[in-house]
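This report describes selected features of a single protein model. Please examine the sequence and the structure before reading on.

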Amino acid sequence: MKHDGLSLLASRVAADLARIAHPRAPWLKPKTGPDGQPAHDVVIVGGGQSGLATAFGLLRSRVDNILVLDKAPAGQEGPWRTYARMHTLRSPKDFTGPDLDVPSLTYQSWHEAKFGADSWNELALIPKGYWADYLDWFRHVTGIPVRNEAEVVDIAPADGLLALTVRSAGVESRLFARKVVLATGQESMGDWSLPGVIAALPPPRRAHCADAIDFTALAGKRVAVVGAGASAFDNAATALEAGAAEVHLLCRRKDIQVVQPYRWLTFRGFLRHLGDLDDAWRWRFMSAIMGLREGFPQATYDRCARHAAFRLHLGAPIASAINGRDGVDLVTPSGALRVDYVIAATGIEIDLAARPELARFAGNIAAWGDRYRPPPAERDERLARFPYLGDDYALTERVPGATPWIADIHLFSIASTMSFGASGSSINAMTTAVPKLVGGLTRGLFQADIETLWAEFQAYDEPQAVVRPPTPVG
């Protein structure tokens, strides 16, 4: 019955998309690269939820000659089956996302088709595995072209196009595109942040929370988790559930963050129009929101607190970490402790040059610090390193004219946050952010083709009616 439900839903999706396909007319002409190879109109780097939603938005706009690339094997895109260690999504179950307001494509429709309406009504939050399964289904039912195990290691100009060097199974090849969208999630910022005192420890003693961690090996061990965001609690809970003897969560601040600012900003006005404000207002809002950090829900805390082996240390930044025969000695202002393993849940480091696809031109990507100087009370050097994007999510130049072609590279990820707020980094913003991104992409393609389109219009002479002499009556 459940299999039949998904089959019926797939038919409903096809019917719905057919009914809203207006206008159906194709409008982009094929382009070729300098070697005669066909070029894509848009290549999307990243096949997670943001990349898939962007691809779907483009297909609905009759930008059909697209390709999604992801370096992970099929089914492993994004964090859901890898380093996401929560049990459920933190967003309310009725938030819509990749569906772009097509009812039959919502998570609710998929869940009800697979498990039934009663299951949906009883559901509190979406299990992360179900969300990953839904994204797999979404990719299939919308016909999005995805090439897995394909890592983009360079982007360069090529006779009015962009040349992407793609590495698959150790072999490099080139693809050409008119535009590129980087939907590379957390990694788009540069690299995972690992504090120096932790990075100095030998690898068997430490990991970043984005690493593949063998939690079963932590059974009976003493573990420290550095950080106090939701991911820190997720990793602490996973270690506790694996049987760790002690888990110490070290928060450098005197108070943990329990207010979730992203809940406040989830309304259409903010999601749709923050990017339309001037720099002063955008900076004021986002620096305040990101200064608060991302809060965690009650269930995330309770998952740790139910274990007697859990210890929360406030005001405990790590001053030193010394590896010894019997463990790692950590020194903090709140005291010293010895552990066997350290997990850093310390976020991401903003270093665009660390991204291979950006390395060629990272030095000329304009950052917020290049465009806006906030009042002293609002200054934040880390946030000033975020890329300063155009109104179509495009990279902008630090030195105008040095790399003009980067205007065809659009960033839709966590790195877009300072320019647009929650956009390429969250489910709750997709229904407003993706149409804005797609509108910017199609605007650029249309403007680039305007001479050709003008010529086609002038040559257009297809009559809609045949005028005949009137036929006398009687």
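Which strands does helix α7 lie across, and at about what angle does α7 run to β11?

## The parallel sheet and helix α7

The model is predicted. In it, helix α7, comprising residues 230-241, lies across β10, β11, β12 and β16 (341-344). The angle at which α7 runs to β11 is about 175°. With angles over 145 degrees counted as roughly antiparallel, α7 is therefore roughly antiparallel to β11.

The strands under α7 belong to an open sheet of five strands, arranged in the order β9-β16-β10-β11-β12 with parallel pairing. At its edges are β9 (206-208) and β12 (310-313), each of which pairs on one side only. On average, neighbouring strands of this sheet are turned by 20° against each other, direction ignored. Within the sheet, β10 (residues 222-226) and β11 (residues 246-250) run parallel and are joined by five bridges. Along this pairing, Val225 stands opposite Leu249 in β11.

## The crossing of helices α3 and α5

Two packed helices are described by the angle between their axes and the distance between the axes. For helix α3 (residues 107-115) and helix α5 (residues 128-142), the axes come within 10 Å and cross at roughly 100°. Angles of 65 to 115 degrees count as roughly perpendicular, and α3 and α5 are therefore roughly perpendicular to each other. On the α3 side, the contact is made by Tyr107, Trp110, His111 and Phe115. The α5 side contributes Tyr130, Trp131, Asp133, Tyr134 and Trp137. By class, this contact has seven nonpolar residues, one polar residue and one charged residue.

Several of these contact residues also take part in an aromatic cluster. Ring pairs link Phe56, Tyr107, Trp110, Phe115, Trp120, Tyr130, Trp131, Tyr134, Trp137 and Phe138 into this cluster.

## Other aromatic pairs

The count of aromatic pairs comes to 31. In one pair, the ring centres of Phe296 and Tyr301 are 6.5 Å apart and the planes lie at 25°, so the pair is stacked. Phe296 has a relative accessibility of 8% and counts as buried, whereas Tyr301, with a relative accessible area of 27%, is partly exposed.

In another pair, the rings of Trp454 and Phe457 have centres 5.7 Å apart and planes at 35°, so the pair is tilted. Both residues lie in helix α16 (residues 450-459), three residues apart, which is about one turn of the helix. Trp454 is partly exposed, at a relative accessible area of 47%, while Phe457 counts as exposed at 57% relative accessibility.

## Backbone features in loops

Where does the cis peptide bond from His22 to Pro23 place its proline, in terms of the elements around Pro23? Pro23 lies in the loop between α1 (2-19) and β1 (31-32). The omega of this cis bond is near -10°.

Positive phi values also occur at residues that are not glycine. Glu149 has a positive phi of about 55° and is placed in the loop between β4 (146-148) and β5 (151-158). Ala169 has a positive phi near 50° and is found in the loop between β6 (161-168) and β7 (171-182). Ala169 has a relative accessible area of 83% and is exposed.

How values were computed: Residues numbered from 1 in each chain as written. Predicted model: local features only at pLDDT ≥ 70, side-chain atom pairs only at ≥ 80, totals over all residues. Heavy atoms only, no water. Pairing = 2+ DSSP bridges. Helix = DSSP H or I, 4+ residues; strand = E, 2+ residues; numbered from the N terminus. Axes fitted to C-alpha atoms, helices over the stretch in contact; angles between N-to-C directions. Contact = heavy atoms within 4.5 Å. Parallel < 35°, antiparallel > 145°, perpendicular 65-115°, else oblique. Nonpolar A, V, L, I, M, F, W, Y, C, P; charged D, E, K, R; others polar. Buried < 20%, exposed > 50% of the residue type's maximum accessible area, 1.4 Å probe, protein only. Phe/Tyr/Trp six-rings, centres within 6.5 Å; stacked < 30°, edge-to-face > 60°.
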